[in-house]
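Trainee: I should like a close look at a single part of this assembly, namely chain C where it meets its two partner chains. Which residues, elements and polar interactions make up each contact?

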Amino acid sequence: MRKDSHGAKVPWHTTMAQVELKNVSFTYGDGGPYAVRALDDISITLGGSEMIGIMGHTGSGKSTLVQLLNGILKPSEGQVILDGTDIWENPKKIRDVRFKVGLVMQYPEYQLFDETVRDDIAFGPKNMGMTREEIETRVLEAARFARLDEGLLDKSPFELSGGQKRRAALAGVIAMRPELLVLDEPAAGLDPGGRLEILGSIKEYQKESGTSVIIVSHSMEDMAMYCDRVIVMASGRIMMDGTCADVFSQYDELLPVGLDVPQITHVAAALAKRGVDIGKDIYTVKYAAARLSEYAEEVRRRES
Amino acid sequence: MNLNISFGQYCEGNSILHRMDPRMKIIASILFIVVIFLAKNLFSFALLILSAVVLIAISAIPVRIIARGMKALTFIILFTSIINIFWIKGETELVSFGFIHIYLEGILNALMIALRIIILLVGTSILMTYTTTPIALTDGLEQLLAPLKVLHLPVHEFSMMMTIALRFIPTLIEETQKIMNAQKARGADFSTGSLIQRAKALVPILVPLFLSAFRRAEELATAMECRCYTGGEGRTRMNILHATSKDYLFCAAFVLLGAAIILLNRLGGYALAW
Amino acid sequence: MSETKTPIIEIRDLSFAYPTDDGEAPKNALTNVNLSIEEGSFVSILGHNGSGKSTLAKMMSLILMPDSGSVWIDGKNMSAEDITEEDVLDARRKVGMVFQNPDNQIVATVVEEDVAFGPENLGLPSAEIRRRVDEALEMVGMTKYARHAPHNLSGGQKQRVAIAGIIAMRRRCIIFDESTAMLDPAGRREVMDTIERLNREENITVLHITHYMNEAVRADRVVVMDSGRILLDGTPSEVFSQPETLWNVRLDVPQTTELLYHMKKSGYNVRLDIFDPDECAEEIAAAIRSDRDAD
């Protein structure tokens, strides 16, 4: 943990990165016969010390959106503005944008290539032109955030287990100390234990670093557990944007766009139908259980 | 670097050519190539152009798709033509400037060479790639080469390899793009620096790509084994190729075309140097 | 049903360890596993990564051979000394396998050609292959895509093509080795619906290996694996009534069960084995009502 001279916790960056999309559209194969419009006139601001979830079914444009944030893709129309400047103003500087906006792609374990885990995590910092000592600090810090044992650092990345590989790849991006960390489906294909582990470490990282973290996911359960703000995408547009409570309470609108709300939200709705109204903003089991006991308590009080 | 390659540009359709036996199309292509090289003078070239137009018409492939395919080869066509313009010496000198001499014969020659390349590409791509799926093409090739099995040549294995390669090329291209993006996101730079630096920059792409290709190969082999694949022995096919009399007639037409070209060559006029 | 039929797959006292590099002590991937799969049943094998569930699948599909114990397919001991390649091929005609990565099991460049691949290997006459391919594509709802290139399909569609490839070989039993793990929710639903239909309507024995609870509850029987052993084996109701045991081995229970578990802890008399939101709400509402009446 980083602390100032008085021992108080300080965030990594004194300034908060902010990415703004202004009327952004994106078309794959633009101009060609098979052009597909993936994003349609999107305007949104992302940033601040919080965990943001982007949801949508396959083909809703969410993966395209995250690749625009760090300049892997260039918008067909509109602007991507990072801290006040259009990232495409000077295309030669696009690499600097990628250091500020870290992107962890889907199934990132397939990007591991170096001889040791340590070297692989160091790839980003090395590209940033850092000194040896700095790189070493960054690697250790990133490994700690990704909950990778220091003993694993000198192993070949290919000897690691599936979950460990995923976390090593995550460390490789965290090591760049991005002001904004974007993760595309970080828990895809993992078992429940692996999901908890990686999402937990991401949440912890977000709190400790004070940066903003964006996760793309299909899983509403994960969104409900970890995110402060949820953005729902459907057919290349932003359909909803708000807190978990805002979004999940409109759950009847989410079903038609191929998304499924947590099972617990269905239970709450079914309870309401039976006269047990514990609110529309139920999306975690713990919360539901707490509300239920409150409800029962109140019923008892009213009776007596 | 962009890897937007459309591979095996099969063009969906239901023309006579689409439905034809792929073996016959391969044979017809070979015949057509021979015919093209037989053509020597303007008359025979006129007939060649006519036959190419007829091919396009019966294939029902939109001309703009064919034109787009040709566009990629403009440079080669121009290059060979220009060389011919300067290279060929004739009797009718048109331009003489220092050491540069351009003859009418040179221009005619260049024109014919350009035509030859264009007709060759149009003809073979219509007969094979545009109207035949890659799998039908490999099937056709396998069956045409089947007699070579007697010589213990691995004809089936070869065609299975071709099929799998065709199946996995798009997957691997997509994968390369993904890995490249992932490394770019970590600040990898593929487009600047010296040649050696650039070659080095490819390591973070090639290592994951090879590993993934090996993993895929292994999984595919297991999956094939589980589907009772034991090689070509005892295997039957769902689509049995059978050539109809129409197909034979089609091939015969190319033989006739060749004969006609030889006759036309005798009519004289300027003849191609080679 | 008193008649005892030969199980389609039977595993007897099986142990296995992956070979290790120089000197490292081998760790058992499977230890003394006994399991018998009845013809026509729908069994889910549940376990976290590294619990041995995929190794078990590789045993049953004869990709791996046990160190000790035996695998029996349709009453034949496939681990016996005198098993020939012909016997293995014969067993593979009964038990098919659908793998995790949809890309790495499709061989051909056209959907129907890929479905035909298996039957072609069986040496069937071409008219018969054509019939089976059309039938199999119909069964998984992919007829419309028969002439498409597989690489343009979605993950769920690719898996359905892979399933059609197995159905066309007329397998009596299909093992799904985490076939839904790499799919999005829509793809998972597509594949699960297909699997369920094959079991209910075509009476194909299904062995579904997964770590998704909401998939496991759809089976008739759930086998939970942990560190190479069978931890629980029973109906979904029996298995998911023990949330603590499942949480201990890094597995989840359906959210309905989790909520009911909380209710039970606070003293309500509720069942835990309810997986449908409506039924769950009914149970809770009833419990609260009876609690109030009791006061």
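Mentor: What follows treats the two contacts of chain C in turn and then turns briefly to cysteine. The model is predicted, and the description should be read accordingly.

I begin with chain B. Here 38 residues of chain C meet 29 residues of chain B. The area buried between these two chains is about 3,100 Å², and carbon and sulfur atoms give 56% of that area. Between chain C and chain B there are six salt bridges. One of them joins the side chains of Glu120(C) and Arg235(B), with an N to O distance of 2.8 Å. Polar contact across this interface involves 16 residue pairs, both residues of each pair being at pLDDT 80 or more. On the side of chain C that touches chain B, the elements giving two or more residues are α2 (85–92), α3 (111–121), α4 (126–139) and α5 (155–167) of chain C. Among these, α3(C) gives the most, with ten residues. By class, this side of chain C consists of 18 nonpolar, ten polar and ten charged residues.

The contact with chain A may be described in the same order. It takes 32 residues from chain C and 31 residues from chain A. About 2,700 Å² is buried between chain C and chain A, with carbon and sulfur atoms giving 60%. Of the area that chain C buries against chain A, 22% is supplied by Arg250(C), Gln255(C) and Leu259(C), more than by any other three residues. Four salt bridges are counted between chain C and chain A. Arg250(C) takes part in one with Asp191(A), where the closest N and O atoms are 3.8 Å apart. Arg250(C) therefore appears in two roles, and its salt bridge satisfies the 4 Å limit between nitrogen and oxygen. The polar contacts between chain C and chain A comprise ten residue pairs, both residues at pLDDT 80 or more. The elements that give two or more residues to this side of chain C are α6 (185–202), α10 (255–265) and α11 (277–294) of chain C. The most comes from α11(C), with ten residues. The residues on this side of chain C divide into 16 nonpolar, six polar and ten charged.

Finally, as to cysteine, the structure holds zero disulfides over all chains. Cys280(C) is buried, with a relative accessible area of 0%. Cys251(B) is also buried, with a relative accessible area of 9%.

Technical notes: Residues are numbered from 1 along each chain as its sequence is written. Chains are lettered from A and ligands numbered from 1 in the order in which they are written. This is a predicted model: local features need pLDDT of at least 70, side-chain atom pairs count only at pLDDT 80 or more; totals for chains, interfaces and linings use all residues. Side-chain values use heavy atoms; hydrogens and water are left out. Contact means heavy atoms within 4.5 Å. Buried area is the accessible area (1.4 Å probe) that two parts lose on being put together, summed over both. A polar contact is a pair of N or O atoms within 3.5 Å; within protein, one must be able to donate a hydrogen and the other to accept it, and residues adjacent in sequence count only if both atoms are side-chain atoms. Helices (H or I, at least four residues) and strands (E, at least two) are DSSP runs, numbered from the N terminus. Ala, Val, Leu, Ile, Met, Phe, Trp, Tyr, Cys and Pro count as nonpolar, Asp, Glu, Lys and Arg as charged, and the others, Gly among them, as polar. A disulfide is a pair of cysteine sulfur atoms within 2.5 Å. Buried means under 20% relative accessible area, exposed over 50%, partly exposed in between (1.4 Å probe, protein chains only).
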